[in-house]
Each structure stands twice: as C-alpha cells, then as structure tokens.
Amino acid sequence: MLQGKTVILGVSGGIAVYKAVELLRLLTKAGAQVHVVMTRNAQQFVTPLTFQTLSGNPVHTDLFSLYQEQEIGHISLADRADLFILAPATANLIGKIAQGLADDLLSTSVMATKAPVLAVPAMNTNMYENPLYKRNEKILLEHGYHVLEPATGSLACGWEGQGKLPDPETILETAEAVLAPKDLLGCHILLTAGPTREEIDPVRYLTNHSSGKMGYAVAAVAARRGATVTLVSGPTNLTVPTGVKCVPVCSAREMRAAVLEHAESAEVIIKAAAVADYRPAVRAEQKMKKTGDGLTLQLEKNPDILSELGARKGDKILIGFAAETERLLIHAAEKLKKKNLDMIVANDVTRLDAGFNVDTNIVRFLYADGRVEELGLMSKMLVAEKLLDQVARLWSAKRR
Ligand code: PMT
C-alpha cells in the first residue's frame with residue numbers, strides 16, 4: 001500500500017517523538033518516500049539529523065527558511081503528499097488545525113494539503129480527556145481527518161491512563177488502511193481462522209498446526225478495504241487486526257455456535273480455520289492416568305460447519321479453504337461442490353513455504369464455474385489481497 005507513496009511525517013513536540021523515529025524506519029521499509037516536518041518543540045526531543053539520516057531527505061523545520069522554501073516549499077510539500085501522518089500530534093497541533101490556524105511550517109502544510117491526514121495524538125491523560133481537546137478532535141473527524149486513538153498505559157508524566165502514542169506498527173497498519181481502496185465498504189464479512197482444540201481431559205487436547213496467520217491476514221486486509229469484519233478465531237498467539245471484531249472460541253462446536261450466531265448478518269463468509277473433524281467421544285473429568293502400554297481413544301465426528309452453511313446458503317457468498325497433502329485440485333474441487341461454495345482456496349500444505357504456520361503461501365483459486373487460477377509463492381497478506389479482489393468482484397456482481 002505504501003510502496004512508492006510520498007508520506008509527510010509531521011512531528012510535534014512530546015516525549016513520544018522518539019517513537020516517530022521507529023515509525024519513519026517502518027515507513028521507509030514499506031517503500032514510502034518520507035519527508036519529515038518537525039515543529040520547533042519536537043526538535044527539543046530528537047534532532048532533525050536523526051530523521052534526516054533515516055529518511056534520506058532533508059528535514060523541514062522552518063516556514064521562512066529561504067533555502068528550504070526555494071528547494072521544496074510548504075505548498076510543494078502539501079501538494080506532493082499522498083498521505084500526511086502527524087505523530088505524535090500534540091493537543092496544541094490538533095487545536096491549531098481544528099481552529100484553522102497556520103503559524104508554522106507543519107500547520108501551514110497540513111492546511112494546504114488535499115491528501116488524507118492521519119493524526120496520532122499523544123499527551124497527558126487529563127489533557128486527552130479535557131472537553132476542549134475532545135471538541136477539537138471531533139472537529140477534525142467531522143472534516144474527514146483520520147484520528148488513531150492513543151494507547152492506554154503508564155505515561156512519561158507519571159500518570160496511568162490513555163494518552164500514549166500507539167506502537168509504530170499499529171500506526172503503520174492504520175496508515176495502510178487509510179490509503180487502501182474502500183471497495184468493500186458496507187460489506188459484512190464473517191471469517192474463521194486458526195485451529196480448534198478438542199479436549200481429551202483437563203490438560204490434553206487434539207489440535208493441528210494452524211497458526212491463524214492466513215485468516216488474520218484476510219481479516220486485516222478486509223477491514224482495511226472498508227468491510228465490517230467479524231473474526232471467529234480458534235486459539236492463536238496473534239494480535240487482532242485493527243478494526244476487526246474478534247470472537248474467540250476453542251472447540252469446533254464453539255466455533256459452530258459463534259459462526260451460526262453471526263452468519264445471519266454476514267454477506268460473505270470465508271472459512272480459513274482448520275477445524276478438527278473429530279473430537280474425543282468423552283472428555284475425562286480428571287487428568288487421565290497412565291494404565292497399561294497403550295491407549296485407545298474413541299473419537300466422534302464434529303459438525304461440518306461449512307457444509308451446514310452451504311446447505312442454507314441463500315444469496316450469501318461462501319468461500320472455503322482446503323488444506324491438502326495429495327491430489328490437491330481433485331480434493332479441493334470435491335469440497336467446493338459438496339459444500340456448495342462460490343470459491344475454494346486450495347492449499348498444498350506439504351511445502352515448507354506454504355500452508356501452516358509460515359508467512360507465505362502458494363494457493364489456487366477454484367470457482368464454482370470450474371475455473372482454476374494459480375497463484376505463485378507470495379506473502380499471506382498478498383494472498384489475502386488477491387482473495388478479496390475476488391470477493392469484491394462477486395459482491396458487487398450480487399448487488400447489481
Ligand atoms: O493458520 P495458518 O497457519 O496460517 O495456516 C493456514 C491454513 C493452512 C490453515 C489455511 O490456509 C487452510 O487451508 N485452512 C483450511 C484448513 C482445513 O481444515 O481444510 P479442510 O480441507 O479440512 O476443510 C475444508 C473447509 O471446510 C475449510 O474451509 C474448513 O474451515 C471447513 N470445515 C472443515 C471441517 C469442519 N468440521 N468444519 C468446517 O467448516
């Protein structure tokens with residue numbers, strides 16, 4: 001999303017300025033051309049040289065610098081921007097923008113730009129909760145500015161509460177969301193991700209290698225593209241993507257209950273979860289003791305959630321995943337038909353760089369009309385983008 005984009009990083013004065021350095025590093029790593037504008041107060045915390053070295057571009061500090069004005073100028077900064085990020089944005093900066101004041105290079109450039117502006121406030125909790133600050137923030141939101149809420153925790157001033165600058169990764173994710181096309185705006189997508197756990201006794205369970213990475217990538221990209229996303233997730237170590245509502249579950253039966261509860265309002269259902277097909281017929285009340293040399297567990301079948309959804313599909317768009325170790329296309333095509341799907345993502349899980357618990361994947365898209373599309377090795381985020389291109393196409397065709 002940020003590759004080749006020009007980002008103006010506006011840094012105003014607060015202790016969180018040091019985090020803007022890491023944000024700059026992430027932005028450049030993501031392929032953005034970053035120009036930093038610092039207020040006079042920001043320069044008290046970190047020198048312009050640090051930002052200049054990391055961005056590879058001169059740092060802009062002075063509205064009346066003849067050299068800077070001749071080289072690039074504040075209007076030129078405003079014009080060339082694809083995105084403005086104000087991080088940290090002080091109460092003073094937010095207040096000035098809300099009141100239409102432009103008295104230094106940063107506030108002047110923000111006022112002159114037509115690019116989207118993402119403000120990331122960071123300040124003392126009491127300042128953040130002050131109704132005057134809240135009023136200014138509301139004015140920004142009403143005028144189409146994006147505001148990322150501060151995080152909660154211990155603040156440099158000694159207070160506990162909301163006011164911390166969020167992690168640079170979260171700011172980056174939000175910046176990507178601001179730039180993403182909003183082709184799924186108004187679409188409710190229900191997603192599943194991760195494994196299920198089927199308990200044998202209070203300390204043991206049956207599960208599989210799913211990490212949730214594939215499903216969480218789809219959730220993150222769908223939210224970024226404007227969809228309302230409900231993510232029913234088995235146990236994972238992942239952070240729920242920004243803007244996604246997560247319903248945590250453990251077993252296949254819990255997943256079924258959560259999916260059916262949210263399916264009604266969903267227009268698109270994507271099932272990336274690796275659901276256990278069987279569970280122990282009996283869950284022991286107490287930890288099972290070792291007896292004899294072997295142990296036979298009686299298993300019984302779990303409900304097939306996707307088949308159940310397929311049987312009462314209506315006009316919903318239904319997409320499954322198929323994790324296969326052999327005869328990939330044949331098995332995936334069988335599941336597509338049997339489960340009454342619009343599309344299935346066939347996943348060869350025998351490769352080390354695809355399938356379970358890695359950041360990359362190699363998939364094929366199989367469609368209900370028999371078409372097969374082959375995608376090469378790519379990141380799970382890019383697989384998610386490609387999958388959601390198809391979802392956007394199917395969804396807009398349904399609405400015509
Ligand atoms: O989570 P990661 O580590 O990133 O790994 C990603 C993945 C390999 C788990 C993912 O890409 C994937 O392939 N998910 C589907 C895994 C799977 O269980 O496939 P399946 O062939 O067993 O099931 C086919 C479809 O039916 C799936 O959409 C599954 O969610 C669904 N199903 C299966 C069994 C069941 N009882 N209920 C279901 O709804």
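Tutor: Start with strand 16, which gives four residues to the shell around the ligand, the most of any element. Strands here are DSSP runs of E with at least two residues, helices are runs of H or I with at least four, and both are numbered from the N terminus.

Student: What kind of model is this, and how are its residues numbered?

Tutor: This is a predicted model: local features need pLDDT of at least 70, side-chain atom pairs count only at pLDDT 80 or more, and totals for chains, interfaces and linings use all residues. Residues are numbered from 1 along each chain as its sequence is written, and side-chain values use heavy atoms, with hydrogens and water left out.

Student: Which residues come nearest to the ligand?

Tutor: A residue is near a molecule if one of its heavy atoms lies within 4 Å of it. There are 26 residues around the ligand, and S210, S211, K335, N347 and N357 come nearest. The shell divides into 12 nonpolar, seven polar and seven charged residues. Here Ala, Val, Leu, Ile, Met, Phe, Trp, Tyr, Cys and Pro count as nonpolar, Asp, Glu, Lys and Arg as charged, and the others, Gly among them, as polar.

Student: Where do polar atoms meet the ligand's oxygen atoms?

Tutor: A polar contact is a pair of N or O atoms within 3.5 Å. K339 brings a polar side-chain atom to 3.0 Å from a ligand oxygen. M214 uses a polar backbone atom, 2.8 Å from an oxygen atom of the ligand. For A323, a backbone N or O atom lies 3.4 Å from a ligand oxygen.

Student: How much of the ligand does the protein cover?

Tutor: On its own the ligand has 770 Å² of accessible area, and the protein covers 96% of this. The areas come from the Shrake-Rupley method with a 1.4 Å probe. Helix 10 (213-224), helix 12 (305-311) and strand 16 (317-324) are the elements that give two or more residues to the shell.

Student: How do I read a sheet, and in what order do the eight strands run?

Tutor: Strands of a sheet pair through backbone hydrogen bonds, either parallel or antiparallel. Two strands count as paired if DSSP finds at least two bridges between them. The eight strands form an open sheet with mixed pairing, in the order 12-11-8-13-16-17-19-20. Strand 12 (244-248) and strand 20 (372-374) are the edge strands, each pairing on one side only. Strand 13 (268-271) pairs with strand 16 in the parallel sense over four bridges. In that pair, I269 stands opposite L318.

Student: What does helix 10 touch in this sheet?

Tutor: Contact means heavy atoms within 4.5 Å. Helix 10 packs on the sheet and touches strand 8 (188-193), strand 11 (228-233), strand 12, strand 13 and strand 16. Its direction makes about 160° with that of strand 8. Axes are lines fitted to C-alpha atoms, for helices over the stretch in contact, and angles run from 0 to 180 degrees between N-to-C directions.

Student: Which strands stand at the edges of the five-strand sheet?

Tutor: That open sheet is parallel, in the order 2-1-3-4-5. Strand 2 (33-38) and strand 5 (146-147) stand at the edges with a single partner each, so one side of each has no neighbour in the sheet. Strand 4 (117-121) pairs with strand 5 over two bridges, with L118 opposite H146.

Student: Where are the backbone oddities?

Tutor: A87 and P88 are joined by a cis peptide bond, with omega about -5°. P88 lies in strand 3. R327 is not a glycine, yet has a positive phi of about 40°. R327 sits in the loop between strand 16 and helix 13 (328-338).

Notes: A polar contact is a pair of N or O atoms within 3.5 Å; within protein, one must be able to donate a hydrogen and the other to accept it, and residues adjacent in sequence count only if both atoms are side-chain atoms.
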